Amino acid sequence: MRHTLLIVDNTDFMRFVLGDLARAAGIAVIAEAGSAVEALELQAALTPRLAVVDLTLDSVAGEGLLAALLARDPDLALAAVVAPGDAVGAARARARGAREVLEKPYDPDTALHALQRLSAAPVGV
């Protein structure tokens, strides 16, 4: 089964960069959202297996989005994006269900490996 990804980031360029990395990892990018509302609409319509959510602009809204995405699909594999060195944000994201945490701006090798781990994780873990 090919994994499908929803990217949530308010910046077009960062969605583009992450999309390229995901495709390099063999993941199909099926949707990109610039807001939480758009992300929830796309999740309902397309049922992605993976999602990457940027928390750097508004961590409160982003953390709420993590919870909302998982409430709709508990098997969704989530990765969160935090600011460099934000250990508190990373811990909060993991506590809210993120399996992987990426720092923005993305280190290509680190992000690629994180996406590969995310797509390799068993469903429901």
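Helices and strands here are DSSP runs, numbered from the N terminus. With that convention in place, I shall go through several local features of this structure, which is a predicted model.

I begin with Thr47, which is found in the loop between α2, residues 36–46, and β3, residues 50–54. Thr47 is not a glycine, and yet its phi is positive, at about 50°. As background, most residues other than glycine have a negative phi. Is Thr47 buried or exposed? The relative accessibility of Thr47 is 46%, and therefore it counts as partly exposed, since that class lies between the cut-offs of 20% and 50%.

A second backbone feature concerns a proline. The peptide bond that runs from Lys104 to Pro105 is cis, and its omega is near 10°. Again as background, most peptide bonds are trans. Pro105 lies in the loop between β5, residues 98–103, and α5.

That brings me to helix α5, which comprises residues 108–120, and to its partner, helix α1, residues 12–24. The axes of the two helices come within 9 Å and cross at roughly 55°. α1 and α5 are therefore oblique to each other, and the crossing is right-handed. Which residues make the contact? From α1 they are Leu18, Leu21, Ala22 and Ala24, and from α5 they are Pro108, Ala111, Leu112 and Leu115. Sorted by class, this contact of α1 with α5 has eight nonpolar residues, with no polar and no charged ones.

I turn next to helix α4, residues 87–95, in which Gly89, Ala90 and Ala93 are buried. Why may one speak of a single buried side of α4? These residues cover an arc of only 100° around the axis, so they sit on the same side of the helix. The face turned away from that buried side carries the exposed residues Ala87, Val88 and Ala95. After α4 comes Gly97, with a positive phi near 110°.

Finally, I would draw attention to Asp75. Asp75 is placed in the loop between α3, residues 59–72, and β4, residues 77–82. With a relative accessible area of 31%, Asp75 is partly exposed, because the value falls between the 20% and 50% cut-offs. Asp75 and Val101 are 26 residues apart along the chain, and their C-alpha atoms are separated by 17 Å.

To close, I return to two points of the backbone: the positive phi of Thr47, and the cis peptide bond from Lys104 to Pro105. Thank you.

Technical notes:
Residues are numbered from 1 along each chain as its sequence is written. This is a predicted model: local features need pLDDT of at least 70, side-chain atom pairs count only at pLDDT 80 or more; totals for chains, interfaces and linings use all residues. Side-chain values use heavy atoms; hydrogens and water are left out. Helices (H or I, at least four residues) and strands (E, at least two) are DSSP runs, numbered from the N terminus. Buried means under 20% relative accessible area, exposed over 50%, partly exposed in between (1.4 Å probe, protein chains only). The arc is that of the directions from the helix axis to the C-beta atoms. Axes are lines fitted to C-alpha atoms, for helices over the stretch in contact, and angles run from 0 to 180 degrees between N-to-C directions. Angles under 35 degrees count as roughly parallel, over 145 as roughly antiparallel, 65 to 115 as roughly perpendicular and the rest as oblique. A crossing is left-handed if the near helix is turned anticlockwise from the far one by less than a right angle, and right-handed if clockwise. Contact means heavy atoms within 4.5 Å. Ala, Val, Leu, Ile, Met, Phe, Trp, Tyr, Cys and Pro count as nonpolar, Asp, Glu, Lys and Arg as charged, and the others, Gly among them, as polar.
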